[in-house]
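Student: Could you take me closely through one helix of this model and the core around it? I would like a connected account, with the terms spelled out.

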Amino acid sequence: MAVAETRSRPSDDGSSYARHPKDLDASHGTFTTPDLSAFCFLDDHGLTVTGQEISPDKAVLECRVTDRDPFCRGCGAEGVARGTQARRLAHVPLGWRPTTLLVRVCRFACSSCGTIWREDTTAAAEPRGKLTRAAVRWALEAVVCQHLPVTRVAESLDVSWHAAGDAILAEGRRVLIDDPARFDGVTTIGVDEHVWRHTRLGDKYVTVIIDLTPTREKTGPARLLDMIPGRSKHAFKTWLS
Ligand SMILES: [Zn+2]
């Protein structure tokens with residue numbers, strides 16, 4: 001909401017001006033009914049929140065697949081529900097509180113052809129993924145844009161270091177591979193070195209290469225161009241060639 005402000009000309013001695021703020025208490029926003037699923041980015045994950053369990057240090061949201069599809073993948077006949085299986089997914093830590101989804105996935109059996117299947121949850125996460133798609137995006141941004149260590153990201157998601165690290169690298173690659181034109185118009189790049197993992201044999205590094213053209217030209221935020229294993233100097237030299 002814009003606050004209209006008018007200023008009078010300075011008085012003769014130049015000491016004062018008057019402010020007339022308007023519309024300070026009037027809202028022109030359009031409110032809709034509160035919707036926890038939408039608030040938690042779950043409407044585009046194909047999930048509906050059905051319950052919550054909130055404690056000071058973590059939140060669990062019980063969910064179901066929004067669009068129930070009981071029809072057989074084999075013959076098209078309507079299947080019979082055969083109970084549910086729970087799938088746990090780490091979600092975006094809303095308010096920095098680890099937030100886990102407990103998705104009750106229905107199993108169906110077809111009495112005509114014997115096919116057994118589970119509801120499709122690929123909109124919410126990769127088939128064997130431990131993080132929701134929104135959580136993977138959050139984690140990648142946390143590391144690349146906010147410079148959080150992977151340990152801290154894993155802690156916020158309440159997953160293992162490996163689960164967080166693997167998901168971040170996979171998402172980084174996916175975002176890049178899907179965009180072959182990513183180098184078009186790049187004039188300024190930034191190189192950022194992260195300690196990826198402390199090991200007994202020494203630290204392992206990943207070098208993040210960022211397109212700073214949009215920030216320099218004030219047209220938008222910096223973009224991730226690539227993530228490569230190794231320390232910045234050597235990795236960057238290899239990358240450039
Ligand atoms: Zn069937």
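Tutor: What follows is a close look at helix α2 and the nonpolar core to which it contributes.

This is a predicted model, in which local features need pLDDT of at least 70, side-chain atom pairs count only at pLDDT 80 or more, and totals for chains, interfaces and linings use all residues. Residues are numbered from 1 along each chain as its sequence is written.

As a setting for the helix, the secondary structure of the chain comes to six helices and eight strands, where helices (H or I, at least four residues) and strands (E, at least two) are DSSP runs numbered from the N terminus. Read along the sequence, these elements follow the pattern α-β-β-β-β-β-α-α-α-β-β-α-β-α. Of the 241 residues in the chain, buried residues make up 25%; a residue is buried if 20 or more other C-beta atoms, placed from the backbone, lie within 10 Å of its own, exposed if 12 or fewer, and partly exposed in between.

Helix α2 covers residues 133–144, and its end C-alpha atoms are 17 Å apart, which agrees with the 16 Å that its 12 residues should span at 1.5 Å a residue, the expected span being 1.5 Å times one less than the number of residues. Because nine of these 12 residues are buried, α2 is largely enclosed by the rest of the structure. The buried residues of α2 are Arg133, Ala135, Val136, Trp138, Ala139, Leu140, Ala142, Val143 and Val144.

The largest nonpolar core (a set of buried Ala, Val, Leu, Ile, Met, Phe, Trp, Tyr and Cys residues joined through C-beta atoms within 7 Å) has 37 residues, of which Leu131, Ala135, Ala139, Val143, Val153, Leu157 and Ala164 touch the most other members. Two or more residues come from each of β2 (58–65), β3 (80–91), β4 (99–109), α2, α3 (150–157), α4 (161–177), β7 (202–211) and β8 (223–229), and α2 gives the most, with eight residues. An α-helix has 3.6 residues a turn, so residues three or four places apart point the same way.

Within α2, Ala139 can be followed outward through its contacts, two residues being in contact if their C-beta atoms, placed from the backbone, lie within 7 Å. Leaving aside residues up to four places away in sequence, Ala139 touches Leu131, Val153, Leu157, Ala164, Ala167 and Ile168. Among these partners, Leu131, Val153, Leu157 and Ala164 are also listed with the core residues that touch the most other members.
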